[in-house]
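Here are my notes on this one, as promised. Have a look at the model first, then read on.

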Amino acid sequence: MKSVLRSILIAAGMVFLFLAAGSPLFPGPANQSGNQSFTGYLILQEEGKFRVEKEEYVKFQVVDGEVRGLRIHLRAASGDLTFNDCYALVKDGSNFTDWFQIECRKLGGFGGKAVTYESYLAGAYAGISPPVVPAYSMYETLKKIAGSLGLPVPGRTFVIYGQNRSPIYEFFCYEDGAK
């Protein structure tokens, strides 16, 4: 009986050591530091079919819930763009706060550079979704679209809205370095 108990304790100790050491046999969360980098590509819908446009993209980091290094590359602009003001949303019962965790405003040139952009981007704002997990309200829709494109479910989405509150661009964002 003692040898069985001893074997169980040794096995439990080994599992603990694997977990503590971050063993690939027992992976923990993808990024435990609270620092994630994302790259997102534009998703277009034409004639009922979706396609990916990789020449238009977004890059950003989420560090402890704050957006940093937001860079948006669009054909509609003479240079890369950013939103200079991003902040966490407070749930207020609206669809926007159901779909997004972060809102971004004040469109400008990335790195403070002067840029010009198409007039439909004047007054634009953006939403960044929370992590796309099965409990997220848009999970099934995103899973279906991603599947039709041969892609995994995105880690987050980034959507730019125009002044009329309609989406202009939607990006599926994947964590950099994720498998």
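What follows is a short set of points on the cysteines and the nonpolar cores.

1. A caveat before anything else: this is a predicted model, so please read each point below with that in mind.

2. On the disulfide: searching the whole structure turns up 1 disulfide. The partners are C86 and C104, with an S to S distance of 2.2 Å. They bring together distant parts of the chain, since C86 sits in strand β4 (residues 81-88) and C104 in strand β5 (residues 102-109), 18 residues apart. The link is right-handed, at 115 degrees about the S-S bond.

3. How buried or exposed are the cysteines? C86 is partly exposed, at 25% relative accessible area, while C104 is buried, at 0%. C173 also counts as buried, because its relative accessibility is 0% and the cut-off is under 20%.

4. Now the largest nonpolar core, which has 25 residues. Which of them touch the most other members? Those are F60, F83, F158 and I160. Elements giving two or more residues to this core are β1 (35-46), β2 (49-63), β3 (66-73), β4, β5, β6 (125-128), β7 (156-161) and β8 (167-175).

5. F83 deserves a click. Beyond its neighbours within four places in sequence, F83 contacts L70, I72, C104, R105, K106, L107, A124, Y125, A126, F158 and I160. So you'll find the disulfide cysteine C104 on that list, along with F158 and I160.

6. Finally, another core of 8 residues lies apart from the largest one. Its members include I43, L142, A146 and F172.

Technical notes: Residues are numbered from 1 along each chain as its sequence is written. This is a predicted model: local features need pLDDT of at least 70, side-chain atom pairs count only at pLDDT 80 or more; totals for chains, interfaces and linings use all residues. Side-chain values use heavy atoms; hydrogens and water are left out. A disulfide is a pair of cysteine sulfur atoms within 2.5 Å. Helices (H or I, at least four residues) and strands (E, at least two) are DSSP runs, numbered from the N terminus. Buried means under 20% relative accessible area, exposed over 50%, partly exposed in between (1.4 Å probe, protein chains only). A nonpolar core is a set of buried Ala, Val, Leu, Ile, Met, Phe, Trp, Tyr and Cys residues joined through side-chain atoms within 4.5 Å. Contact means heavy atoms within 4.5 Å.
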